Amino acid sequence: SLQQRTLKAKQVFLDRMNLVSSTLLNSERDAVVENTTSTSQIMIDGDDNIDDGKQDDVVTLQSDLLRPGRKIFVVTTAAIPWFTGTSVNPLLRAAYLNRMTRKINHEHNNMSANSSVIGENEDLNATSCDAPGRMVTLVIPWLELESDRLELYGPNHNFTSPEDQETYIRAWLRDEADMPQEADPTTGIRILFYPARYHSGLKSIFAMGDMSSLIDDADADVCILEEPEHLNWYRAPGDGWTKKFHYVIGIIHTNYVDYASSHYTGLWTAPAIRVMSKAMVRAYCHVVIKLSDTLQTFADEKERTSNVHGVRLDFLKEGQRRADEYYQKHGDCASDESGNEPQKEGFEKDDYGPKDNQVEESWVTSST
C-alpha cells in the first residue's frame, strides 16, 4: 500500500541519516572544559588555588554563566502546542534564563556607568551587553509538512507559518506561564525555528538540515542541548556543537534505552541506542545533566543528576486547592484535643521550600 511504501521510505531515509551521523561522530573528540578559572569564581572563593579534588565544581571562564553579556541558545526537539516535557521545560528555561541575563547585564551596565576609574569595577571577562534583554534564544522545530502539524498539534492549531506558531508560543508564555516580559518580542526571548519532520512511528521530531548553521558564529557562545542524544542521532553535516559554541550543556530528559526496547525499527535497538547516545553526549557536550539516576551513564567525569526543571506554580496551586478541599470536608476533625493534627488514612503531609515561602500544609492523596 501507499502508506507502507511511505513508511518504508521514511525509515530508509532515517537509517541513512543515522549512518551519516555515525560517520561525522568519528571525526569528533571527547568535549572537555578549559581549565581556566573565571574571575567571578576567584571573587567568590577569594583564592585562585583550587584543589584538584574540587576541579569538577570549579566555575571556569568557559562555564561561568554569571558573566555579563553571555548569549545563550536553548535547542530542543519539540515545541508547544505539543505539550511534552521537551517543549514546555525548555521554553520555561529560556524564559527564566532571559530574566537572569537581563538582571546580570543591567547591573553590569550600571556598575560600568558609575565607575570613575576605567576597569575598576569592570568584569574583564564580560562580553558586550548592548542589548541586555535579548540574550537568550529558544531554538525549536518547525514542522514543514501540514500532515505532521495536523497529526501532532490537531486541527485547532494548524499553523500556516513559523510566525503563527511563535505568536501562539508567546501568548502561552505571557498568559499561562505569567511571564509577560519574557514573552514580549522586543524584551523577551528570541525564537528561532529549524525545519523538521515528525516520525509517527518513533513519536519523535527530527531536524531536516544542519541546525547550528542557522546560528551566527558571532553569537555562538553558550548552548543548552535539550536531549543532546536525540538532537544528534540524525545529524546533518556541519560543525559539531562544541566546535561552534564555547560551552555546551546537555540535559537528558528521556530514557531512550528503555524506549527503544519496545520500538524495534531499523537501527533503533536498545544496545545500539545505548552505545550511540553515550558517544553523542561525550562528543557534543562539555557537561551533562541527568534528571534522574535511572537514566544510563553517559560520561562519569562530566555528568550530574539534578532536577533542573523545578516545579511550576500550577502544581503548587493544585496542592493548595486540594488542601482547601480537605479542610472543608474534615474541618471538624482537623485536630484532636491536644491540638495535634491526625494523619488521615490515604493522606500525607509534607512541608517544603524556604520557610518564608513555604507551603506549610500540602496534602496529596496516596492514589494520585
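Glu144 is partly exposed, with a relative accessible area of 37%, and in this predicted model its side chain meets that of Arg197 in a salt bridge whose N to O distance is 3.2 Å. Glu144 lies in the loop between β2 (136-143) and α4 (146-153), while Arg197 belongs to strand β3 (residues 190-199), so the salt bridge ties together parts of the chain that are 53 residues apart in sequence. Arg197, at a relative accessible area of 35%, is likewise partly exposed.

The pair of Glu144 and Arg197 can be set beside a second salt bridge, formed by Glu182 and Arg102, in which the closest N and O atoms are 2.9 Å apart. This pair also links distant parts of the chain, for Glu182 sits in helix α6 (residues 180-183) and Arg102 in helix α3 (residues 85-114), 80 residues apart. Glu182 and Arg102 are both buried, which means that each has a relative accessible area under 20%.

A third salt bridge joins Arg321 to Glu318, with 2.5 Å between the closest N and O atoms. Both residues lie in helix α11 (residues 313-330), where they are three residues apart, about one turn of the helix. Arg321 is partly exposed at a relative accessible area of 36%, and Glu318, at 28%, is also counted as partly exposed. Through salt bridges that share partners, Glu318 and Arg321 are joined with Arg322 and Glu325 into one network. The structure as a whole holds 13 salt bridges, and the table lists the pairs described here.

| Salt bridge | N to O distance | Location |
|---|---|---|
| Glu182 and Arg102 | 2.9 Å | helix α6 and helix α3 |
| Glu144 and Arg197 | 3.2 Å | loop between β2 and α4, and strand β3 |
| Arg321 and Glu318 | 2.5 Å | helix α11 |

Attention now turns to the loops. Ser63 has its place in the loop between α2 (39-45) and β1 (72-75), and with a relative accessibility of 14% this serine counts as buried. The side chain of Ser63 reaches the backbone nitrogen of Thr60 at a distance of 2.9 Å. When residues up to four places away in sequence are left out of account, Ser63 touches Val58, Arg70 and Tyr247.

The remaining features concern backbone geometry. Most residues other than glycine have a negative phi, and most peptide bonds are trans. Against that background, the peptide bond from Ile80 to Pro81 is cis, with omega near 20 degrees, and Pro81 is found in the loop between β1 and α3.

Two residues other than glycine carry a positive phi: Asp178, with a value near 55 degrees, and Glu227, with a value of about 65 degrees. Asp178 is located in the loop between α5 (162-175) and α6, whereas Glu227 is found in the loop between β5 (222-226) and α7 (228-233). As to their surroundings, Asp178 counts as exposed at 58% relative accessibility, while Glu227, at 1% relative accessibility, counts as buried.

Notes. Residues numbered from 1 in each chain as written. Predicted model: local features only at pLDDT ≥ 70, side-chain atom pairs only at ≥ 80, totals over all residues. Heavy atoms only, no water. Salt bridge = Lys/Arg side-chain N within 4 Å of Asp/Glu carboxyl O. Helix = DSSP H or I, 4+ residues; strand = E, 2+ residues; numbered from the N terminus. Buried < 20%, exposed > 50% of the residue type's maximum accessible area, 1.4 Å probe, protein only. Polar contact = N/O pair within 3.5 Å; in protein donor to acceptor, adjacent residues only side chain to side chain. Contact = heavy atoms within 4.5 Å.
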